[in-house]
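Visitor: Could you walk me through this one and tell me how each label is earned?

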Amino acid sequence: MNTKLQNKIAITIIKAIAIMVVIILAFLIGRILLQGLPHISWHFLTSPSRAFTAGGGIGPQLFNSLYLLLLTLIISFPISLGAGIYLSEYAPKNGITTVIRMAIEVLSSLPSVVVGLFGFLLFVVQFKLGYSILSGAIALTFFNLPLLTRNIEESINSVSNLQREAGLALGMSKWRTVNKIILPEALPGIVTGIVLSAGRVFGEAAALIYTAGQSATNVNFSNWNPFSSTSPLNLMRPAETLAVHIWKINSEGIMPDATAVSAGASAVLIIAVLVFNLMARFLGNYLYKKMTSAETK
Amino acid sequence: MNEFITTRDVHLYYGSKEALRGVNLDFPDKGVHALIGPSGCGKSTYLRCLNRMNDLIENVKITGSFKINGEDIYGPKTDTVELRKKVGMVFQQPNPFPFSIYENVTYGLKLSGIKDKQLLDERVEMSLKQAAVWDEVKDDLNKSALALSGGQQQRVCIARVLAVRPQVILLDEPTSALDPVSSNLIEDMLLTLKEQYTIIIVTHNMQQASRISDTTSFFLNGELIETNETKHIFLNPEKQETNDYLSGRFG
């Protein structure tokens, strides 16, 4: 067989595989959207869910998902930023840092249901936090930390060493160089990583079933005092998220319109994750252009 | 001769590899001083000892004495941050920060606490003029430095070093990645700067060394073979190796 023919065959096979992946994805997303979109309405997005009668919405679940996401990022971003900076800029190559890196690898490959059960035993039971948003946010932090840390470390590593030398040679301290030159340059990559991890966290269910709980208590959206038990901001209330809600409807939902609610909620979830992904691309590109282009600031 | 920089018995090891084998080299105040030699001869390594950039590499061991203006730069009290403000450095690859031209030049100043807008403006103009790039960029100082050509970037990088007013400027093959026009501009600039600064330049370009430098030092295999006035080195070198290198027999 001549090499030209081999080349053609190889390219055809690779193309076919790529097209197959796209088709599967398009089929999945298309099906979920087709089934779910007709059920989405303002009423569906804002009204509380109903356990026994038709016509319930996903308002509290949607709010819980977003609130939990925000809390998770607030907890995990500073930690992973610190860890990422340490690992890429300061960590010497020795046994201890090798162990740290390995621990991060292992943590990132933990099944999320294990993270959930661990969170249940430690935070819900041992620390008596109960089924609460706080327990859920901490469990999600465990889930999110390794990926975010790796992402930040890689973003910082990808900044050219010439920039470090330039900063140091100009009489900047190491910290100033990292803080004022390396981090701004790594920013587009870091932002992309955060938004992508947000998408992952948003769709997570298994880690939350045993930590944030499976019930959406009646919250009063006009009560914004975080210490009141009916306030949506209360950290100690149980909070069923969108992904958990979908899981629950499908395993034990008894409302007459369970299929419709599940389809609608799934569509909302998929759209949210798609928006996160598009946002990651857009924000990353925008920041990168802003840092490097000829445009004036 | 009143020596401004003196280095004695400099040894440098990368792990177990000896990259500098006992270099004794002095530089007078002001003027342009060239370090030449084939690749891997230790000239860049030596240069990077003078602002302690080699400290950043792991497993490097440096012995010997380094004094700039009488001060031991490897002494226990030396602050490398302060040292590098006095001993600026320009690299082979232009490495502007991903900010505007104005911010690039004022970065060092702002970090040392100068906030006066008028003073900053003056410094920017003066440094960019000294670096022979003012006329090309004066109308768009807010443009990202990354949008400039390589030659312009390198001159902005030189302006950035000049803005903090160092005493010594180290240049590590500053023109080897540039076009001939930019190289010429930088050479002319160095000739005017040498009245005010002590300039040490590593170069692979022998013509460049002969055109702009006052003294030339020839390195080979981690040793300093010969150092003298540039004219002297190029016209009648005392060592056979120098003669061989200059006549293109190796390197």
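Guide: Here we take some helix pairs, ring pairs and single residues in turn. This is a predicted model, where local features need pLDDT of at least 70 and side-chain atom pairs count only at pLDDT 80 or more, while totals for chains, interfaces and linings use all residues. Residues are numbered from 1 along each chain as its sequence is written, chains are lettered from A and ligands numbered from 1 in the order in which they are written, and side-chain values use heavy atoms, with hydrogens and water left out.

Visitor: Why are α4(A) and α6(A) called oblique to each other?

Guide: Helix α4 covers residues 95–108 of chain A, helix α6 covers residues 133–157 of chain A, and they pack at about 130° with axes 8 Å apart. Under 35 degrees counts as roughly parallel, over 145 as roughly antiparallel, 65 to 115 as roughly perpendicular and the rest as oblique. An angle of about 130° falls in that last group, so α4(A) and α6(A) are oblique. By the way, axes are lines fitted to C-alpha atoms, for helices over the stretch in contact, and angles run from 0 to 180 degrees between N-to-C directions. Helices (H or I, at least four residues) and strands (E, at least two) are DSSP runs, numbered from the N terminus.

Visitor: Is the crossing of α4(A) and α6(A) left-handed or right-handed?

Guide: Left-handed. That word applies if the near helix is turned anticlockwise from the far one by less than a right angle, and right-handed applies if clockwise.

Visitor: What makes the contact between α4(A) and α6(A)?

Guide: Contact means heavy atoms within 4.5 Å. On the α4(A) side you'll find Arg101(A), Ile104(A), Glu105(A), Leu107(A) and Ser108(A), and among those from α6(A) are Phe142(A), Pro146(A) and Leu147(A). The contact residues split into five nonpolar, two polar and four charged. Here Ala, Val, Leu, Ile, Met, Phe, Trp, Tyr, Cys and Pro count as nonpolar, Asp, Glu, Lys and Arg as charged, and the others, Gly among them, as polar.

Visitor: How do you know which word fits α6(A) and α8(A)?

Guide: Helix α8 (residues 174–202) of chain A packs against α6(A) at about 150°, with the axes 9 Å apart. That angle is over the 145 cut-off, so α6(A) and α8(A) are roughly antiparallel. Their crossing is right-handed. Contact residues include Leu140(A) and Phe143(A) of α6(A), plus Ile182(A) and Leu183(A) of α8(A). This contact divides into 12 nonpolar, six polar and one charged.

Visitor: What makes Phe66(B) and Tyr74(B) a tilted pair?

Guide: A pair of aromatic rings is described by the distance of the centres and the angle of the planes. Rings of Phe, Tyr and Trp (its six-membered ring) pair if their centres lie within 6.5 Å; planes under 30 degrees apart count as stacked, over 60 as edge-to-face and the rest as tilted. By this rule there are 16 aromatic pairs over all chains. Phe66(B) and Tyr74(B) sit 4.6 Å centre to centre with 35° between the planes, hence tilted. Phe97(B) and Phe99(B), with centres 6.2 Å apart and planes at 50°, are tilted too. Over in chain A, ring pairs link Phe118(A), Phe123(A), Phe127(A) and Phe142(A) into a cluster.

Visitor: Why does Tyr74(B) count as partly exposed?

Guide: Buried means under 20% relative accessible area, exposed over 50%, and partly exposed in between (1.4 Å probe, protein chains only). Tyr74(B) has 22%, so it lands in the middle class. Its partner Phe66(B) has 1% and is therefore buried. Phe97(B), at 0%, is buried, and so is Phe99(B), at 7%.

Visitor: Is Val90(B) buried or exposed?

Guide: Val90(B) lies in strand β6 (residues 87–90) of chain B. Its relative accessible area is 1%, so Val90(B) is buried. Leaving aside neighbours within four places in sequence, its contacts include Gln154(B), Ile158(B) and Val161(B).

Visitor: And what is the phi of Asn59(B)?

Guide: Asn59(B) has a positive phi of about 65°, although it is not a glycine. Asn59(B) is found in the loop between α1 (43–49) and β4 (60–68) of chain B. At 64% relative accessibility, Asn59(B) counts as exposed.
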